[in-house]
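Biologist: I should like to learn how to read a protein model feature by feature. Please give me the general idea each time, and then the case at hand.

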Amino acid sequence: MKMILVRRFRVLILMAFLAACALHLLLDLLPKLERSAARPSGEPGCSCAQPAAEAAAPGWAQARGHPGGELAAAASAAGDAGWPNKQTLRALQDFSSDPSSNLTSHSLEKLPPAAEPAEGAPPGQDPSAPGPPDRARRPLPRDPGPRGPVLPPGLSGDGSLLTRLFQHPLYQVPIPSLTEGDVLFNVNSDIRFNPKAATAENPDWPHEGLEDEFLPTGEAAVDSYPNWLKFHIGINRYELYSRHNPAVEALLRDLGTQKITSVAMKSGGTQLKLIMTFQNYGQALFKPMKQTREQETPPDFFYFSDYERHNAEIAAFHLDRILDFRRVPPVAGRLVNMTKEIRDVTRDKKLWRTFFISPANNICFYGECSYYCSTEHALCGKPDQIEGSLAAFLPDLSLAKRKTWRNPWRRSYHKRKKAEWEVDPDYCEEVKQTPPYDSSRRILDVMDMTIFDFLMGNMDRHHYETFEKFGNDTFIIHLDNGRGFGKHSHDELSILVPLQQCCRIRRSTYLRLQLLAQEEHRLSLLMAESLRADRVAPVLFQPHLEALDRRLRIVLQAVGFCVEKDGLHSVVEDDLGPEHRAAAGR
């Protein structure tokens, strides 16, 4: 009798376990069945699996005091319409989760040792007037060379300091004439973009007037490309974007306004970064706000454990443009709704599970990363708005491979050890005998990068990248600037060691630095004016702006000491043609 009772008890336990499994499967499948029933009969379903946790969105929203049904419907619509197909434009951008896709944004400990669519004719224009040139023969959006003082997009001539700066002859120096080998993409053979196909995949794609944007060959005209693609097309051997490329200013607007359709965590890296995909298939790297404008890096922090600041990424883009390097991809600030624009559109379960409501009734999340990804370091909104920077992606590595280089003046990233350059005053002589630093172009680019980093106070330049197509004769891309602008009260002179050891600088860089040290072109005032255009202005705390002027004087003093020691011709590399020397001196 006792054995029978034991067996019946075991059978009951087994039945209870099977019933629990069946209930779990039913709860997992119920949201998918509901979406299938709600979808029109002729509409294709999404081929990718939704996380089961998304079914809990209504209840989660009700806990925040929002109407659950309304929020769930918005989340479902955003997820179904906004998840692009992998065979579309997403292949044109670097959003790879492969740790080797972007080493400069990864944790150092894990590194290996070694413009808008063209509209119709303007209102009031005479229809009989000559029409625009054939779009099939329209040149790429690159710098056409000297053509008089032309203002960068978005600037007007009403007493602006930036306007006067960009009209100066030093900011009119043309790049060499471009050949087919000097452009990253050939529009006719490398780029294929079909807005009709994009509309079929994503009903939210703005498709008005697309019928007029196709050439007789059935291909889309360049003017119909989204701004991020125009930015990619404009990249060449000498610059990331030209001074007069209208797509850059339009791309900055897109970064701040485009609808976010999906979000995922970027793999690798010491701190949390999100990959955001927009309605027009563009993508950007989102760095959330971690410090207020007034906070400085704590004095006991090592450079490799410092916070990555979103406002430093924004300011770095503007500083790079004012210095006329144009080697930082466009970056813009944005206020993001953590509920509607991150949590409700993500399909990253690991990210979704880290959302919670704080005791102050604010929405928070922390994601997964090496440092600062825990409940104690959570990112919280007010109540669900969070500020951050959005950096436009470079072309995907499958289309435009990039080579990652170890910075010769890389720090030791160790609490006690020092790097070789910190103990050997003749270290530069050894570097200059090693390719590619034995040619003037690369070593001068490193000097430009050194000055750029010193002005920002960025000690975290361990690697840099170049486009593989252009070989060694091309510019350095200034990526990952989030650890700049950390201390306005301290000038880190060790950042300037490469310039002091090598005593080399471009003439154009030297003259621009001298120009920006003059009262009528003061760097701090130019930065303040440029940053006012950003959506999260003020971007920098005033003492950081004042520190720029102070550090600029230190750079000029360092170059002055080199000139006294080695002579002007040994220090300053003349990269200006004879026709620009006299004009640049005015």
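Modeller: Let us begin with the surface, bearing in mind that this model is predicted. A nonpolar patch is built from nonpolar side chains with over 30% relative accessible area. Here Val11, Leu12 and Met15 make such a patch, of about 310 Å².

Biologist: Where does valine 11 lie, and how exposed is valine 11?

Modeller: Valine 11 belongs to helix α1, which spans residues 2-38. With a relative accessible area of 46%, valine 11 is partly exposed.

Biologist: How much of the chain is buried?

Modeller: A residue counts as buried when its relative accessible area is under 20%. Of the 586 residues in the chain, 52% are buried. The accessible surface comes to about 27600 Å², and 55% of that surface belongs to carbon and sulfur atoms.

Biologist: Why is helix α14 described as largely enclosed?

Modeller: Helix α14, residues 507-516, is largely enclosed by the rest of the structure because 8 of its 10 residues are buried. Among the buried residues are Tyr510, Arg512 and Leu516.

Biologist: How does one find empty space inside a model, and what is the volume of the second largest cavity?

Modeller: Rolling a probe the size of a water molecule over the atoms shows where empty space is left. In this structure the second largest cavity has a volume of about 180 Å³. Its lining consists of 15 residues, with Asn407, Trp409, Asp453, Arg461 and Ile495 nearest the centre. Helix α12, residues 440-456, gives the most to this lining, namely 4 residues. Sorted by class, the lining holds 7 nonpolar, 4 polar and 4 charged residues.

Biologist: How many salt bridges does a search of the whole structure find?

Modeller: A salt bridge requires a side-chain nitrogen of Lys or Arg within 4 Å of a carboxyl oxygen of Asp or Glu. The search finds 28 salt bridges. In one of them, arginine 237 pairs with aspartate 182, with the closest N and O atoms 2.7 Å apart. Arginine 237 sits in the loop between α6 and α7 and aspartate 182 in the loop between α4 and α5, so the pair ties together parts 55 residues apart in sequence.

Biologist: Are these two partners buried or exposed?

Modeller: Arginine 237 counts as buried at 14% relative accessibility, and aspartate 182 counts as buried at 8%.

Biologist: Which residues are joined into one network by salt bridges that share partners?

Modeller: Let us take one more pair before the network. Arginine 343 forms a salt bridge with aspartate 344, the closest N and O atoms being 2.9 Å apart. As for the network, shared partners join Glu239, Arg243, Asp324, Arg326 and Arg512.

Methods. Residues numbered from 1 in each chain as written. Predicted model: local features only at pLDDT ≥ 70, side-chain atom pairs only at ≥ 80, totals over all residues. Heavy atoms only, no water. Patch = residues over 30% accessible without salt bridge, like charges linked within 9 Å, V, L, I, M, F, W, Y side chains within 5 Å. Areas by Shrake-Rupley, 256 points an atom, 1.4 Å probe, with all protein chains shown as cover. Helix = DSSP H or I, 4+ residues; strand = E, 2+ residues; numbered from the N terminus. Buried < 20%, exposed > 50% of the residue type's maximum accessible area, 1.4 Å probe, protein only. 1 Å grid on protein atoms, 1.4 Å probe; cavity = no way out; pocket = protein on both sides within 12 Å on 5 of 7 lines; lining within 4 Å. Points joined across faces, edges and corners; volume = space filled by probe spheres on them. Nonpolar A, V, L, I, M, F, W, Y, C, P; charged D, E, K, R; others polar.
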